[in-house]
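Let's take a walk through this structure, stopping at a few residues along the way. Keep the model open and turn it as you read.

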Amino acid sequence: MTKANVQETSATRCFTGNFGDIDQFSEATRGWDLDFRQLTPGRLDASLSVVIQPHARMEASRFNQRFQQFGATPQGMRTFGVLERGIFGVNWYGRQISDATLLYFHPTSGFEAVSQKEFDCYTLSFSEAQLAEVSERLGLPDAHTFLGQNETAHTFGNELVADTRNRLRHIFDAVRSNPAIAEDPGLRNEMEQEIPSQLLSALSSITNEVPRPSIRSRRRTLEKAINLVNEQAAIPLTIAELCGAVGVSWRTLDYAFKEHFGISPKRYLMAVRLNAVRKELSSMPSRVTVASVASRWGFWHMSQFAKEYKKFFGELPSETLNKKGTAQ
């Protein structure tokens with residue numbers, strides 16, 4: 001039995017379905033060439049969620065049975081994967097992987113994997129053109145240079161995989177509860193700019209060692225970047241856009257911000273946006289809504305925004321708004 005919720009436009013597609021038949025599951029992936037061989041007895045309980053933007057697509061898959069998986073990734077795209085937290089015992093291209101592993105699929109040939117029961121994973125595919133654009137904005141070598149033509153599996157000691165997994169959870173939680181949010185510019189920016197920027201920056205760092213920029217260079221970079229952020233305060237910037245506008249690589253920008261502020265450029269931009277929202281909530285007329293102010297500053301996932309806001313300021317955005325009304 002298959003239950004599905006599909007929303008499509010000319011630019012995006014959002015799909016969620018539950019499956020009791022693996023062939024129907026495979027057909028629903030659209031773009032992947034997949035085949036499955038069930039290895040454990042029992043009724044199948046599988047689910048698939050897909051969000052497609054013009055230059056990116058992401059899938060969340062879950063099975064309750066063990067499978068041998070064959071297939072090929074979407075043509076013309078570069079595909080990555082991460083396991084859900086706590087998933088283990090997966091054999092991918094003949095190697096054991098964990099929930100701390102970032103997978104990169106072979107871009108042209110097929111793949112083979114063996115999953116355990118209760119398998120849960122995410123895949124991320126980006127067009128070649130989009131990765132080239134993001135790499136150029138970040139000041140990185142061409143993506144082909146450090147991604148190569150072979151599959152890879154990198155285990156990161158930092159929070160890269162966990163953060164990517166959390167971003168994907170937020171995306172799928174949002175579209176499952178409200179499929180129309182797939183059209184939100186903030187979600188599209190997350191999928192086509194923010195996530196690939198994070199992945200490419202990390203992968204470039206481990207495959208291409210470069211000298212640390214000079215102190216003078218870092219200071220000059222920092223000054224340009226802060227001026228640009230201040231000048232365009234009402235326009236939420238991505239790290240790739242900031243690198244392109246300042247004319248430096250991601251590494252140089254990262255060095256400069258961490259040295260001066262003790263946080264990454266990404267966290268700095270988040271702080272700028274959160275402070276801007278707080279300022280508006282504290283000063284605008286009482287008829288303003290939290291959602292309208294947050295969306296204007298690029299926050300598209302309201303529950304996640306509220307968590308970030310409370311973590312940052314120690315109170316919910318609604319409390320900031322109510323305090324302002326009480327003071328009046």
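Start with Gln 96, which counts as exposed because its relative accessibility is 56%, over the 50% cut-off for that label. You'll find Gln 96 in strand E9, residues 95–97. Now look for Ala 153: along the sequence, Gln 96 and Ala 153 are 57 residues apart, yet in space their C-alpha atoms are 9.6 Å apart. Bear in mind that this is a predicted model.

Next, helix H2, which runs over residues 128–138. Which of its residues are buried? They are Gln 130, Leu 131, Val 134, Ser 135 and Leu 138. These residues cover an arc of only 130° around the axis, so they sit on the same side of H2. Spin the helix around and, on the face turned away from that buried side, you meet the exposed residues Ala 129 and Glu 136. Just after H2 comes Gly 139, with a positive phi of about 75°.

Gly 139 has a positive phi, but what about residues that aren't glycine? Arg 30 is one of them, with a positive phi of about 45°. Arg 30 belongs to the loop between H1 and E3, and its relative accessible area of 44% makes it partly exposed. Glu 118 is another non-glycine residue with a positive phi, in this case near 60°. Look for Glu 118 in the loop that links strand E11 (111–115) to strand E12 (119–127).

Head back to H1 and E3 for some surface charge. Asp 21, Asp 23, Glu 27, Asp 33 and Asp 35 come together as a negatively charged patch on the surface. Which elements give two or more residues to this patch? Helix H1 (22–28) and strand E3 (33–38) do. Asp 35 is part of strand E3, and Asp 35 counts as partly exposed because its relative accessibility is 44%.

Now for charges that pair up. How many salt bridges does a search of the whole structure find? It finds 17. One of them joins the side chains of Arg 57 and Glu 59, with 2.6 Å from N to O. Are these two partners buried or exposed? Both Arg 57 and Glu 59 are buried.

Compare that with helix H4, residues 160–177, where Arg 176 and Asp 173 lie three residues apart, about one turn of the helix. Their side chains also meet in a salt bridge, at 3.9 Å from N to O. Here Arg 176 is partly exposed, at 41% relative accessibility, and Asp 173 is partly exposed too, at 43%.

A third pair is Arg 296 and Glu 280, a salt bridge whose closest N and O atoms are 2.4 Å apart. Arg 296 lies in helix H10 (residues 290–296) and Glu 280 in helix H9 (residues 265–283), so this pair ties together parts that are 16 residues apart in sequence. The two ends of the bridge have their own surroundings: Arg 296 is partly exposed, with a relative accessible area of 40%, whereas Glu 280 is buried, at 15%.

Finally, some salt bridges share partners. Asp 163, Arg 167, Glu 190 and Lys 266 are joined this way into one network.

Terms used. Residues numbered from 1 in each chain as written. Predicted model: local features only at pLDDT ≥ 70, side-chain atom pairs only at ≥ 80, totals over all residues. Heavy atoms only, no water. Buried < 20%, exposed > 50% of the residue type's maximum accessible area, 1.4 Å probe, protein only. Helix = DSSP H or I, 4+ residues; strand = E, 2+ residues; numbered from the N terminus. Arc of directions from axis to C-beta. Patch = residues over 30% accessible without salt bridge, like charges linked within 9 Å, V, L, I, M, F, W, Y side chains within 5 Å. Areas by Shrake-Rupley, 256 points an atom, 1.4 Å probe, with all protein chains shown as cover. Salt bridge = Lys/Arg side-chain N within 4 Å of Asp/Glu carboxyl O. Lys, Arg positive; Asp, Glu negative; His and termini not counted. Charge placed at Lys NZ, Arg CZ, Asp CG, Glu CD.
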